[in-house]
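User: Please take a close look at one part of this model, the region that UniProt annotates as a domain in chain A. I would also like to see how that region sits within the wider assembly.

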Number of protein chains: 2
Amino acid sequence: MNLERWLPLAGWLRGYGRDTFLRDAIAAVIVTLMLVPQALAYAMLAGLPPEVGLYASMLPLVLYALLGTSATLAVGPVAVASLMTAAALGSIAEAGTPEYVAGALVLAALSGLILVGMGILRLGFLANFLSHPVISGFVTASGILIAASQLRHIFGVEASGHNLVQLVPALWQGMDNISGLTLLIGGGAWLYLVLCRRHLRTGLQKLGLPGQAPDLMAKAAPVSAVIVTTLLAWGFNLKAQGVELVGKVPSGLPSLAMPSLDGELWSTLLPAAVLISLVGFVESVSVAQTLAAKRRQRIDPNQELIALGVANIGAGVSGGSPVSGGFSRSVVNFDAGAVTPLAGALTALGIALSTLLLTTPLAFLPKATLAATIIVAVGTLIDLPAIRRTWAYSRVDGVAMVATLALTLFHGVESGILTGVALSLGLHLYRTSQPHSAVVGRVPGTEHFRNVERHNVETDRHLALLRVDESLYFANARYLEDTVLELVARRPELRDLVLTCQAVNIIDASALESLEAINSRLSDAGVRLHLAEVKGPVMDRLKNSDLPHELSGRIFLSTYEAWQALGGDGGAGKSV
Amino acid sequence: MNLERWLPLAGWLRGYGRDTFLRDAIAAVIVTLMLVPQALAYAMLAGLPPEVGLYASMLPLVLYALLGTSATLAVGPVAVASLMTAAALGSIAEAGTPEYVAGALVLAALSGLILVGMGILRLGFLANFLSHPVISGFVTASGILIAASQLRHIFGVEASGHNLVQLVPALWQGMDNISGLTLLIGGGAWLYLVLCRRHLRTGLQKLGLPGQAPDLMAKAAPVSAVIVTTLLAWGFNLKAQGVELVGKVPSGLPSLAMPSLDGELWSTLLPAAVLISLVGFVESVSVAQTLAAKRRQRIDPNQELIALGVANIGAGVSGGSPVSGGFSRSVVNFDAGAVTPLAGALTALGIALSTLLLTTPLAFLPKATLAATIIVAVGTLIDLPAIRRTWAYSRVDGVAMVATLALTLFHGVESGILTGVALSLGLHLYRTSQPHSAVVGRVPGTEHFRNVERHNVETDRHLALLRVDESLYFANARYLEDTVLELVARRPELRDLVLTCQAVNIIDASALESLEAINSRLSDAGVRLHLAEVKGPVMDRLKNSDLPHELSGRIFLSTYEAWQALGGDGGAGKSV
């Protein structure tokens, strides 16, 4: 049982049979067909040689299969992590240089160590700092940036940059030297892929293909685009006519080697590695959870940290770049019928075979085809309606989302996500720092108490019942003091004030001090402070403080009890 | 009425009479006696010439009197702000140089602008980021650092540093060149002040002095120490014997001048100015609120921001250093009977007269006396029992407090407070990211529902009622998903799941997406999701989302209603 927790493989390998293997193998073939062009494309996006993408699709997948808790998560190079890799490495070296490639290995190893460390310390909750609107704004902006960065391959021009402010003018300038033939290949591939995505599935269904076959065939469309354009490039010697091709990919498997141990390089890449790890982890876990839930299975987020971490370390020592769980590949893997993580290991085998056998033809693959593949793939990342939806639901979340989106687009991925995190924290604190509170009165004839401003209730001019609709902690402790003192200053006849705490889940040390301050200030002003409906865990904690002894009033179980004891019924000041 | 809000003076000046004036004037005389040595001492602590402390006690006090809402807050140079000023200026220039003094003016003006800006934008809530344990740990550490930094004046040695790691070895080395006469003066003054603080008040009370006179006389003890040691230094020409004196203080009032407009200097000092503003504001407001509450008066925190800001700008243009409300001086002002802010303006007049008349004798004041005054004064800042108290109440708050204290002592004021703020935010999020939740069942024969693990309640194997004791927001959205999916994976017979939301004060966009994800995942698994006891404001917001339409189940007013509708009563799966 304990072994299973650390090595989930031990669990699913028992009872593994021929039937399960067949299903895993079929899924692996389909995912391999999808992953070969993606691996090359994401390496290109990250500014890395094509083989790096292939290497990142071998050892990491095997390691994840050993340690991961998701049966269907397809690990490997993904679009957003590749964009972030390019942004991080762009500041340390020129794309394509050996230093740049060495940086990618360090980034993968570093991300891996961070993830494993978080897993061992059970720090998965840190991923929660990335709120949904921030992630969503970030992913949409990344999708737009990725598409924009690939346009140069479609047009066959030179243009680079890590945000739209750099990219757009560079593209504009490059338009003078457009390559017509490249545009024909890239534009054609793009149009073909869009049409496949829109119509192929329904078309094949109409032709009567059974089950999920039309769906999977539509998703494998990039393979046909790759084959056709590669043949064209080879047959018509397009390279001589200015069409950029992938070029020589070293055949054979990667060799294992420690990444560079340059301390300065590691510390320079640390912030980027933290962000890549967190974003990758959040995306992987949410994909894995979605798919697991469909089969009523569970994944263990802390074990996922370790599995993804070890996979990244694997990428770092086998010539790869940072990896995480990819959304579309995992869905394909799931739909194709993968039953266990072995499907992932078999995919790695497929990639290894491709690397051994296909490097000669792949050298003729036009970069424009890969760019078209990427542009169509990231279309699923871009979710503009989410902005309107989030804005309508909550201004605060909308602001965080738009700020993340705008900063990522116009300044870059790192400042975008960091600003988003800081904003969502700040805005959350702001929101809880001014909690809703209401003076309540008794609904005549009942034990219920409601807001005096909304309902026709009984009150007493010597008694105020104040309900606070928020946990009391440092961000709102002083606001509570303000609210109470304001109330007391406004009602000179007040003798008793009851704080009703049914919505108070925490009273931290700051709020405790505020309550003590309120208690002594009210005493000075001749008003007693009482508490009512304090929850069990909160009360347990209060018993460790001096408040219960120092309190000028009492602690009542219910608001009604306080009302009765403090003369609300028949008291001199009663009024409806 | 509106005029009064921006110029509180307009309010209290109406009906101002001879009697009120007399009371304000008496308070002003007493506070002036206390402030003259303090102004010199805090200037010395900040590494500034003595006149800077006096200048900071003139114009700022008048400006605060015009704009402040507290009747009794005594504004001027204070210990903690002086320590922070020294730490900030230490990195830009040598203490005592013209650049150093120019930096102090910029720091005051910058703090003033920040405070006014926060006041206009009503950002007073930002001060809430400083939790009580962080402030308390910081103030205690500052008190220890201040006392340690003043020991060199008592021993008459050279030693400087901004944390104990620098100060202690420097003091130790300096011990070779101790000045016996200085130690006699400093040690004597310290002993005298300690004895006065401990015994003078009760002694005078026993002698039969009426009312608060003994108390106020005990607080004015530093004045007698100043007079006696000044006379000794003058009579025995102590300067010739190696006792450091205050030296020449320019006579006359400060001239108005713009502080340096060097952009680089401003941006270098910005982070320090932010911290000085926030700490000063928090301390001022808490003192002002404490005193106001005793007379059932109110202060307006946002107007205080403006008043303190303008006072600091005043310090910046009249040769002063950053100012804020001082705790002990304000208490003396209050006890001495100050009725309106005019007492502050009259104190400024007293300081101005002192500056005109007393500079010749003050030149003979030994620095050791001032150091003794400071060391005794900061004794009130150091609150070590608070550590034990906070730790006993809450580990999380205790960790934040100890970390702030230790980092301030051993690394410096800025890293101390920043770490404290980051820690208290992080720990708060951690605490709310794993909220308490409970599966509840019906207490037989009632409409009450309690935790199934703690009470003997009715349950139904097809129905789970889950109560979440926390607002749902990004930090715990994924935890909620985990909790729900875990529950569903564990109970294969489940058909309906009800989330009971009486403790949910907010559902932010992240939590909304999590609920939508939970809803669709449960649908995939054949379980309906319901909500119960959703609060009014939360429901209003949910109506702007798609959740109510997409929800596979219903939204019930009460848990009992859900229980009845979903077959808890008499359902096939019922059991007690």
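Analyst: The account below begins with the annotated region and then moves outward to the rest of the chain and to the partner chain.

The model is predicted. The UniProt record, an unreviewed entry, places the feature "domain: STAS" at residues 453-566 of chain A. Over residues 453-566, chain A is 45% helix and 18% strand, and the C-alpha atoms at the two ends are 22 Å apart.

A salt bridge joins A:Arg461 to A:Glu493, with 2.6 Å between the closest N and O atoms. A:Arg461 lies in the loop between β5 (459-460) and β6 (463-468) of chain A, and A:Glu493 lies in the loop between α22 (474-490) and β7 (496-500) of chain A, so the pair ties together parts that are 32 residues apart in sequence. Over all chains, the count is 14 salt bridges.

The domain assignment of chain A gives domain 1 (22-388) and domain 2 (437-575). The centres of domain 1 and domain 2 of chain A, taken over C-alpha atoms, are separated by 57 Å.

Elsewhere in chain A, a nonpolar surface patch is formed by A:Leu253, A:Leu349, A:Leu353, A:Leu356, A:Leu357 and A:Leu358, which together have about 580 Å² of accessible area. Of these residues, A:Leu349 lies in helix α16 (residues 342-357) of chain A.

As for the partner chain, the contact takes 70 residues from chain A and 70 residues from chain B. Chain A and chain B bury about 6,200 Å² between them, with 54% of that area on carbon and sulfur atoms. Between chain B and chain A the count is 0 salt bridges.

How values were computed
Residues are numbered from 1 along each chain as its sequence is written. Chains are lettered from A and ligands numbered from 1 in the order in which they are written. This is a predicted model: local features need pLDDT of at least 70, side-chain atom pairs count only at pLDDT 80 or more; totals for chains, interfaces and linings use all residues. Side-chain values use heavy atoms; hydrogens and water are left out. UniProt positions are given in the numbering used here, feature names are shortened, and annotations may be inferred rather than shown by experiment. Helices (H or I, at least four residues) and strands (E, at least two) are DSSP runs, numbered from the N terminus. Domain bounds come from an automatic or database domain assignment. Patches are made of residues with over 30% relative accessible area and no salt bridge: like charges are joined within 9 Å, nonpolar side chains (Val, Leu, Ile, Met, Phe, Trp, Tyr) within 5 Å. Accessible areas come from the Shrake-Rupley method with a 1.4 Å probe; for residues, only the protein chains shown count as cover. A salt bridge is a side-chain nitrogen of Lys or Arg within 4 Å of a carboxyl oxygen of Asp or Glu. Contact means heavy atoms within 4.5 Å. Buried area is the accessible area (1.4 Å probe) that two parts lose on being put together, summed over both.
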